[in-house]
Amino acid sequence: MKISLHTRFAAWITALLTVLVGAVLFVIEKREVGTIFEETKSRTLLIAEYLASRNLRALISWDTAFMQETIDEQIEKRLLYVIIYDRSGKPLAANASIQTYPEIYNTSRLPADVAEGEFELRTHTLRIGDKDQNVLEVELPIFAPDVATKWGSIKIGHSLEDMDREVRRTRRVLILIGLGGCLVGLLASTLLARRVTRPLKKLVAGTVQISKGDFSQRIDLASRDELGELARSFNEMTAQLMQTRERMEAANRRLVQAEKLASIGRLAATIAHEIRNPLTSVKLNIQKVQESERLDPVEKEHIALSREGIGQIEKFIKELLSFTRASELMRDLFSLETILDEALKLLREPFQEKRIVLQKTVAKNLPAVSVDGDKMRQVFLNVLRNASESVEEGGEIRIVLSRGREEGRPRDQARIGDDGCGIPDREWENIFEPFFTTKAAGFGLGLANARKIVEQHGGVIKVVKKRGRGSCFLISLPGEEGT
Ligand SMILES: Nc1ncnc2c1ncn2[C@@H]1O[C@H](COP(=O)(O)OP(=O)(O)OP(=O)(O)O)[C@@H](O)[C@H]1O
Ligand SMILES: [Mg+2]
């Protein structure tokens, strides 16, 4: 059976508290009962002394009638019996009811040579009617003036009913206090156990999540004790695990990409080789046919369509080759804005056709960047062309060029946003895969090419969150320090 730490902790504290409360109450009970008994004892002695002094004269003069009278007037509910003995221990006078108990009535319990101030005291049980009663019995010697030995004695029996009631009441109160104490203890220990075990529970939940592969798990523990420290190192560990996983995933992605590129490269080289030459001769021949005077307008239109098709095939081969060829970067210092403007110039026609509204914001004093101008222009061209293809008539494209810092190093950044159809979150990575396209006439090479070039520059290109409809691309390049 599994017993939780919380339950075990609470049970131990409760058990400990119960034992402690029990021990304290036991000591208190002993002392209380002792005090009550002492009080009863001194009251009984006081009554005995009073009766002794009252009956001294009658004892000396053998006035049994007086003795009987005083006894009868003293007998009440609590005082069960009074017996007066002569010097030899024979009873002289007693209340009537005790005379049926010979073992009490017949004999004095005091020795003959008892000294003044001494007394006999005992408790015993007396059966009265059909119930037993505890009795405190005191026997005092009575001395006549100037006589050394006792003249007689007086024995009284005091009912302990009141005392027993008082003891029972005290015990009840103590038991109630004990139960209350245990209840409070149980409550306190449960709360304490929860306080101690809650962080542990969080830790356990965290490790369970981690074991399921969720490294984004953070344990929110602000305490400054060992548990807090454990949670902090746990969080550090998960953060490191997450970083490692991200790095591994990126490396894996690059590996797969490289593998893909290599096979595409081989394929592209073969295609280019096999298609280019026949395609050139097809193109030249069609050109010649087109120049002929004998063609009617319908035939001319067909020939134009064929030339357009050949143009598309050429474009595809060109893009494929530019994507697969690992050419060196021809870096120089360029203004990003100039490169961007060149790309925009090339796109003037489609932009005008769709009446696209362009908004360009360039931060002041942007330093020059060390890049391959032709290749970076290609990047802007591909991203901007996609944006123009995604927007409706009269759509808007916003470009922001700025300089930021990332991990303490300068970054030159370009944000290109549009209010077009947008990209679902789950496709944010896929769109950079070669041949991923959602367009009927697309090759799916634009963004793959752009990412290859940006990464060649040590930069990053990604889709970022954007307010409103559409999508936004961020191109971030390492900037020159101190420029
Ligand atoms: N600005 C954008 N808005 C919406 N979707 C986009 C945007 N940019 C890219 N995409 C999506 O990403 C896909 C891949 O883009 P990519 O440029 O790589 O290829 P393509 O445009 O389809 O073809 P091509 O090779 O001719 O550029 C697109 O098909 C489109 O679904
Ligand atoms: Mg494209």
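**View 1. The shell around ligand 1 in this predicted model.** Ligand 1 is surrounded by 22 residues, of which N386, S390, T437, G442 and G446 are the closest. Two elements, α9 (373-390) and α10 (446-456), give two or more residues each to this shell. The most comes from α9, which supplies four residues. By character, the shell residues divide into 11 polar, nine nonpolar and two charged.

**View 2. Helix α4 along its length.** Helix α4 covers residues 161-211, 51 residues in total. From the first C-alpha to the last, α4 reaches 71 Å, which is close to the 75 Å expected at 1.5 Å a residue.

**View 3. The kink in α4 at T197.** At T197, α4 has a kink of about 35°. The proline P199 follows shortly after T197. P199 is also one of the buried residues of α4.

**View 4. The buried residues of α4 and their packing partners.** M163, A193, P199 and G206 are the buried residues of this helix. They pack against two other helices, α1 (5-60) and α5 (226-291).

**View 5. The residue G213, just after α4.** Here the backbone of G213 takes a positive phi of about 100°.

**View 6. The division of the protein into domains.** Domain 1 spans 5-169, domain 2 spans 250-322 and domain 3 spans 328-478. The centres of domain 1 and domain 3, taken over C-alpha atoms, are separated by 109 Å.

Key
Residues numbered from 1 in each chain as written. Chains lettered and ligands numbered in written order. Predicted model: local features only at pLDDT ≥ 70, side-chain atom pairs only at ≥ 80, totals over all residues. Expected span 1.5 Å × (residues − 1). Bend = angle between axes of the 7 residues up to and from the residue. Buried ≥ 20, exposed ≤ 12 C-beta atoms within 10 Å, placed from the backbone. Contact = placed C-beta atoms within 7 Å. Domains from an automatic or database assignment. Near = placed C-beta within 6 Å. Nonpolar A, V, L, I, M, F, W, Y, C, P; charged D, E, K, R; others polar.
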